[in-house]
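Dear colleague,

Please find below the structure I agreed to pass on to you. My notes on its strands follow directly after it.

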Amino acid sequence: MMLLSSKNDSSPKFSLDVQHFLYGREYRAEELPFSEKVIKTHIKNGYVAIRPAVELLKENLLDLLTGRKKWQCRRCGNRDQEAFAVCTCARCRKKCVYCRHCLNMGIVRSCTKLVTWSGPAPKAWASVNSVARLCSWNGILSEEQTAAANALDQALAAGYSFLIWAVTGSGKTEIIYKAIERSLMQGHHILLATPRTDVVRELLPRIRSAFPSITVSGLYAGSDDNDPQAQLVISTAHQLIRFSDCFDCVFIDEVDAFPFHYDPMLEFAVRKAAKPGAPFGYLTATPPPGLRNAYLMGSLRGIKIARRYHGHPLPVPLFRWIGNWTRFIQHGQLPKTIHEWLMEKKKQGCQQFLFVPTVTLARELTEILQKEGFERTAGVHAEDPDRHTKVAAFREGKIRTLVTTTILERGVTVPGVEVAVLGADDPVFDACALVQIAGRVGRSPDYPEGDILFFHNGKTFAMVQARHQIEQMNKEGGF
Ligand SMILES: [Zn+2]
Ligand SMILES: [Zn+2]
């Protein structure tokens, strides 16, 4: 094993292998490929930190009086007491508490130790002096995008977090290039976190071609490009649980999206993956209340972009009542209103997304459409093994109609696509989701318009709210 010594020979040494393996990551002690002696020496000299994986939470008075113990998992952040269980531990031979919430990553018990690197960072990847430019994207930013890119870059460079509150189709990705480039020049390790696998897959080739000389990896369940030590890591939140104190600068794309605002574990994972004090860049069309209020109160810096980069207004959703439409579907029929709309679109040669509330409906509707002679129709949902192939075929125009659950509400951009939501009144479609779905339409400068229809059996508050938000943004955008 190679040992690195510092200039001052009396100072302790650390192993480059251990540094390379542990930097920015978190492992259970038993997962390390090093001897106990090596790790102990590193701990003694302050290069490696170790902490219990499952800990007692500080007790409050009530817990003290009732003698109740509360646990928390330091790996996944779980504090739900129902998700802890007791086992007779084969290793320490005591009764150990373990976390069930992150069990699929290997068990962590109250006697398990988590190990992280606490020594110096590896040599920076990029040298400030040797490269003039890292970003080779040559597109032109709109006035609004330029202002946002500059403000974001300045805030992050000064160590402040920043919110980009931008309408769908405003070109958010290009806005962050300037800040990414500057951060890379400083030798930083950058994270671009997003809630969905589809978004990682969409961003990966774009970021790679914009920054051809750096290492970029995409982490999602089943990905091959998963080098955790790439200079820029694009990752779903789930994949970040193994990181610790790793990233100097973090961007969260679509911060409002499921599962971020439902699962506190994922927020915990992103926070843990960032270095302490690392600034965050939040990108969203519909900020969650916490961020929106922080921005409006002035405690979070940010900027609002109310116009799409091509300068056209957002298409406003139209409501169409279709009664008890699921009964038709169950009988293998298509409601007349939907049939008419689809025939019209077929004549025009349009591609369309049909959003439905459930996997079953996606399956049934797809079958009916195929039977009714709407050729080149396919259905997708989260667990569909052919999901990526179908989305790719849709992008290439080989599939004309894609029936989908909410999994494609964001991230997937297809020029000229039109959209209908069947059962827009279903609770699965909250205002946020409906704004995102509407945002699929009219993104391309060649096709800035298009239908966005909410088929429903009774208007909901979420539908009205979504339409209001879109009209409001159009107003702010000067339309
Ligand atoms: Zn856990
Ligand atoms: Zn034990």
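**Strand pairing around E20**

In this predicted model, Leu 354 has Val 403 of strand E20 as its bridge partner. That contact belongs to the pairing of strand E18 (residues 352-355) with E20, in which four bridges join the two strands in parallel. Strand E19 (residues 377-380) also runs parallel to E20, again through four bridges. Within E20, the residue opposite Thr 377 is Thr 401.

The connection from E19 to E20 deserves a separate remark. Together with helix H13 (residues 387-395), these two strands form a β-α-β unit of right-handed sense.

As to the surroundings of E20 (residues 401-404), both of its faces are covered. Thr 401 and Val 403 are buried on one side, and Leu 402 and Thr 404 are buried on the other.

**The open sheet E3-E9-E4**

A further group of three strands forms an open sheet with antiparallel pairing, in the order E3-E9-E4. Strand E3 (26-28) and strand E4 (48-52) each have a single partner strand and stand at the edges, so one side of each lacks a neighbour in the sheet. On average, neighbouring strands here are turned by 30° against each other, with direction ignored.

Between E3 and strand E9 (residues 113-117), which run antiparallel, there are three bridges. Tyr 27 has Val 115 in E9 as its bridge partner.

By way of background, the strands of a sheet pair through backbone hydrogen bonds, in either a parallel or an antiparallel manner.

With kind regards

Note on methods:
Residues numbered from 1 in each chain as written. Chains lettered and ligands numbered in written order. Predicted model: local features only at pLDDT ≥ 70, side-chain atom pairs only at ≥ 80, totals over all residues. Heavy atoms only, no water. Pairing = 2+ DSSP bridges. Axes fitted to C-alpha atoms, helices over the stretch in contact; angles between N-to-C directions. Buried < 20%, exposed > 50% of the residue type's maximum accessible area, 1.4 Å probe, protein only. Right-handed = clockwise from strand over helix to strand, strands pointing away.
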